[in-house]
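This report introduces one structure to a reader who has not met it before. The sequence and the model are shown first, and the description follows.

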Amino acid sequence: MTSLPDAPSSSPSSSVPIILDGWEGDRGDRGPGGGAGAGRGDRPGPDERLFAGLNPQQREAAEYRGPALLIVAGAGSGKTSVLTRRIAGLIESREAWPSQILAITFTNKAANEMRERVEALLGGRAQGMWISTFHSSCVRILRREAETIGKTASFTIYDSGDTRALLKRIIKELDADTLGFTVAGTANRISKLKNELTDLETHARNANLSDPNEVMFLEIFRQYTRALRRANAFDFDDLIAETVYLFRAFPKVAALYQRRFRHILVDEYQDTNHAQYALIRELTMPIAPAIADELEAQGQHVERMRDAVGAIPGASLTVVGDSDQSIYAFRGADIRNIVEFERDFPGAKVVLLEQNYRSTQNILSAANAVIANNFDRKDKRLWTAVGDGDKIVGYTGYSGHDEAQFVADEIEKLHAAGMDYKDIAVFYRTNAQTRALEEIFIRSALPYKVMGGTKFYERAEIKDAMAYLISVANPDDILALRRILNTPKRGIGPATETQLASYAEDNGISFRDAMRDAGSLGLGPKVTGAILQLSNLLDEAAAKIDPANPAGVSSVPDVLTFLLDGSGLLEVLRNSRDPQDEARAENVDELVAVTREFVRNNPDGTLVDFLTEVSLVAAADEIDDSSGAVSLMTLHTAKGLEYDAVFLTGVEEDLLPHRMSANEPGGPAEERRLFYVGITRAKKRLFLSLAMTRAQFGETAVAMPSRYLQEIPADLIDWRQSPGAANGRGGTQSRALNARRPGLGAGDSGRWNDSFRAGGFSKPERPKAEWPNRVTGQVRDNSDLELVPGDRIRHTDFGEGRVTAVTGEGAKRVAHVQFETVGAKKLLIKIAPIDKL
DNA sequence: CCCACCAACTTTTTT
DNA sequence: AGTTGGTGGG
């Protein structure tokens with residue numbers, strides 16, 4: 001830890017930097033150099049301290065100066081080190097002020113990490129630097145410039161759930177479902193259009209109006225757009241697209257940012273979509289002499305930046321990416337952005353980083369072999385100097401639960417051998433796969449944390465509480481108002497809601513004003529009173545955060561508590577007899593704690609800042625490195641992370657590659673990249689597992705080994721139980737890797753089967769009859785079971801064993817048991833299927 | 001307007 | 001399997 005007397009080291013680097021700051025730290029043209037055009041000559045000599053430890057390619061990437069630089073960074077090649085040193089070098093050498101740097105990362109977590117590392121390199125001098133995600137950066141710009149495009153700075157950000165809710169209303173109102181419109185499909189289509197920067201009018205012009213389907217879609221799109229505008233809201237895709245439109249429509253506004261950001265760095269460039277690409281293009285555009293004149297007339301310091309003809313040259317652009325890790329095509333990511341970078345930015349310098357500092361050679365060889373099957377790629381081979389390491393371990397379970405048990409057992413072995421839980425991760429393709437894993441992990445008393453999935457902020461009770469806050473911050477947000485109108489129940493049903501809406505429509509007032517005027521609607525006294533009470537509550541809360549309030553502005557937790565008390569939301573949950581409501585009340589309490597934490601990290605943070613932060617949290621942001629738990633996540637969430645040991649589960653056909661990807665062009669290749677990303681997260685140990693049968697929709701379906709398994713040289717995998725060996729249950733299907741599968745000729749597949757058999761596998765350790773799907777459906781409560789070391793017990797799956805120790809308290813009491821047949825296990829006493837003998 | 005019961009659908013990945 | 005949405009009686 002560096003400690004400088006002048007550095008406010010208490011800076012909340014762990015929180016997302018979203019405060020609407022001024023242009024502090026920006027010293028305009030008195031700044032060092034002009035950015036891109038600055039020559040090397042007037043720069044102090046290279047700082048050996050900064051670049052120590054970099055290999056020649058890394059160093060070149062960190063030190064190169066020019067208008068455009070593409071760093072092709074293979075997995076684990078130290079690109080974050082390069083980026084942070086590049087930024088630190090620019091500042092250290094006084095080529096740029098911190099405020100002239102814009103660094104875009106994929107997640108907030110990556111942004112925070114980068115900020116911390118830059119600060120560590122510079123001893124804290126990173127104030128004014130923008131290091132954030134595309135979405136966070138755009139929100140900052142849009143809030144600043146909201147009035148220019150007819151919004152207010154307190155606009156709401158609609159997440160995909162909000163978008164779906166809104167579309168559902170519209171589709172229902174238009175009876176569009178009879179034409180085959182689904183919420184998901186429509187949302188997807190609109191999202192695609194926005195990512196392609198096709199706005200409503202453009203799309204309407206090109207639409208085929210003789211197709212009733214097209215006409216209906218246009219109508220939905222139109223109503224959706226209008227609803228967003230009226231609600232003073234943007235959806236996720238708008239954040240990027242609207243910023244681009246803003247820059248294109250208002251060159252003077254664009255010039256402010258073009259002038260400010262002289263060095264733009266973009267991480268994970270292979271996953272940018274067209275809108276993000278366009279945004280980068282706008283930001284790196286030179287400023288025309290006439291606009292520069294205007295900036296100067298406004299008192300902006302620009303004269304030292306201008307070139308011979310009076311223009312301000314475009315910012316310098318650095319992008320980092322690896323087309324082999326492009327896994328977001330489904331979201332509009334366009335691999336061409338990185339493949340055609342040299343064409344888009346003529347004169348661009350390209351640096352390749354191929355040395356891997358993360359994984360063992362065995363892991364890298366497997367990764368290289370897999371990705372080599374994607375044909376239209378630049379060949380690139382990762383290598384490492386650390387040696388072969390352990391073999392990859394493979395396992396084929398009889399069921400998803402058996403597979404999960406294998407994972408749990410191996411994790412315990414690793415832990416016993418000294419590996420921290422937090423250095424272990426379990427990956428899967430779909431969130432649904434967490435169920436079996438969680439059931440087994442809970443039973444095994446294995447500490448774990450699920451990243452993403454059903455997120456905290458997606459829970460109904462949290463969305464309810466948030467809707468109260470949103471209604472206060474943005475009274476135009478009808479979606480939020482509708483949500484809280486009858487939550488908790490206060491007798492305001494759909495009929496009343498419709499009356500309020502049409503009253504607002506008829507009188508040309510907002511829904512919120514209609515609520516204030518509920519007395520003139522001629523509703524029953526009880527309903528009228530309920531509406532007015534809610535309306536007053538919101539008004540009082542709004543007064544509490546009004547900057548003009550002489551009593552001062554209340555903090556976010558105070559406003560939230562006020563709303564929770566006034567609405568009775570929390571009280572209703574507490575008094576409910578539904579046992580799940582207890583947990584919901586705890587979640588709401590947790591939200592209050594979150595707001596407290598927010599205020600601690602952002603003393604000047606406003607309610608809008610808080611809402612922004614919440615809207616933009618990603619699955620990967622939740623990862624807390626200090627927690628001593630195993631991390632469970634999807635392969636997508638895993639991107640950019642690394643772990644000592646990685647378990648890649650469900651390596652089966654229809655799961656990886658996923659069934660849904662089969663029809664999509666480039667689907668199988670993208671799924672292969674996903675597999676590649678998963679493999680390359682592992683530093684020391686890699687485990688690949690699959691199951692013979694997998695439960696889905698309550699039915700148990702037969703699963704086949706993934707085609708990608710064949711692509712790994714057989715001698716790299718040590719199969720504890722190979723797909724070829726673990727057949728027999730039911731006997732109708734061959735488990736072997738050459739089992740009939742579309743798209744694979746029978747000719748070459750026997751070889752694979754043989755190699756798996758030759759690869760050696762031990763006999764199944766346990767009698768299979770004990771296994772199939774016995775885990776679910778057993779509700780037990782052993783809270784009263786008293787166990788002491790020495791007791792003998794019987795477990796429904798593991799047989800008999802002796803208790804060696806008991807740890808933990810209350811509901812979390814854990815028995816350490818030495819079983820006769822399966823060895824040592826840890827069991828959560830409360831729910832383990834055990835009996836004392 | 002509220003609640004209880006039954007039918008249908010879910011699961012691809014996410015800022 | 002579990003949740004969500006629709007329907008019908010109170």
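In this predicted model, residues 24 or more positions apart account for 75% of the contacts in chain A with a separation of 6 or more. Chain A has 837 residues, of which 54% are buried. Its secondary structure comprises 30 helices and 21 strands.

An unreviewed UniProt entry lists residues 52-360 as "domain: UvrD-like helicase ATP-binding". Over residues 52-360, helix makes up 50% of the chain and strand 12%, and the C-alpha atoms at the two ends are 23 Å apart.

**Aromatic rings**

The structure contains 18 aromatic pairs. One of them joins F217 and F221, which is classed as tilted because the ring planes stand at 40° with the centres 5.9 Å apart. Both residues belong to helix 9 (residues 212-230), where a spacing of 4 residues separates F217 and F221 by about one helical turn. F217 is buried, at a relative accessible area of 0%, and F221 is likewise buried, at 2%.

The rings of F675 and Y708 also form a pair; their centres are 5.9 Å apart and their planes meet at 25°, so this pair counts as stacked. F675 lies in helix 29 (residues 667-679), while Y708 lies in the loop between strand 15 (699-702) and strand 16 (717-721), so the pair ties together parts that are 33 residues apart in sequence. Both F675 and Y708 are buried. Elsewhere, W130, F247, Y257 and F261 are linked by ring pairs into a cluster.

Charged side chains also lie over rings, as the table shows.

| Charged residue | Ring | Distance from ring centre |
|---|---|---|
| K151 | F234 | 3.9 Å |
| R281 | F345 | 4.6 Å |

**DNA strand C**

Which residues surround DNA strand C? They are K168, K172 and F697. A polar side-chain atom of K168 lies 2.9 Å from a phosphate oxygen of the strand. Among the atoms of DNA strand C within 4 Å of the protein, 56% belong to sugar or phosphate, and the rest belong to bases.

**Surroundings of Y421 and T434**

Y421 is located in the loop between helix 17 (400-416) and strand 10 (424-428). Is this residue, Y421, buried or exposed? Its relative accessible area is 7%, so Y421 is buried. Leaving aside neighbours within four places in sequence, Y421 is in contact with I411, E412, H415, L446, P447, G628, A629, V630 and K826. Of these partners, L446 is 25 residues from Y421 in sequence, and the two C-alpha atoms are 8.8 Å apart in space. With K826, the side chain of Y421 makes a polar contact of 3.3 Å between side chains.

T434 is found in helix 18 (residues 434-443). Its relative accessible area of 12% means that T434 is buried, since the cut-off for a buried residue is under 20%. The side chain of T434 reaches the backbone oxygen of N431 at 2.7 Å. Apart from neighbours within four places in sequence, T434 is in contact with Y428 and V450.

How values were computed
Residues are numbered from 1 along each chain as its sequence is written. Chains are lettered from A and ligands numbered from 1 in the order in which they are written. This is a predicted model: local features need pLDDT of at least 70, side-chain atom pairs count only at pLDDT 80 or more; totals for chains, interfaces and linings use all residues. Side-chain values use heavy atoms; hydrogens and water are left out. Rings of Phe, Tyr and Trp (its six-membered ring) pair if their centres lie within 6.5 Å; planes under 30 degrees apart count as stacked, over 60 as edge-to-face and the rest as tilted. Buried means under 20% relative accessible area, exposed over 50%, partly exposed in between (1.4 Å probe, protein chains only). A charge sits over a ring if NZ of Lys or CZ of Arg is within 6 Å of the ring centre and within 35 degrees of the ring normal. A residue is near a molecule or strand if one of its heavy atoms lies within 4 Å of it. A polar contact is a pair of N or O atoms within 3.5 Å; within protein, one must be able to donate a hydrogen and the other to accept it, and residues adjacent in sequence count only if both atoms are side-chain atoms. Contact means heavy atoms within 4.5 Å. UniProt positions are given in the numbering used here, feature names are shortened, and annotations may be inferred rather than shown by experiment.
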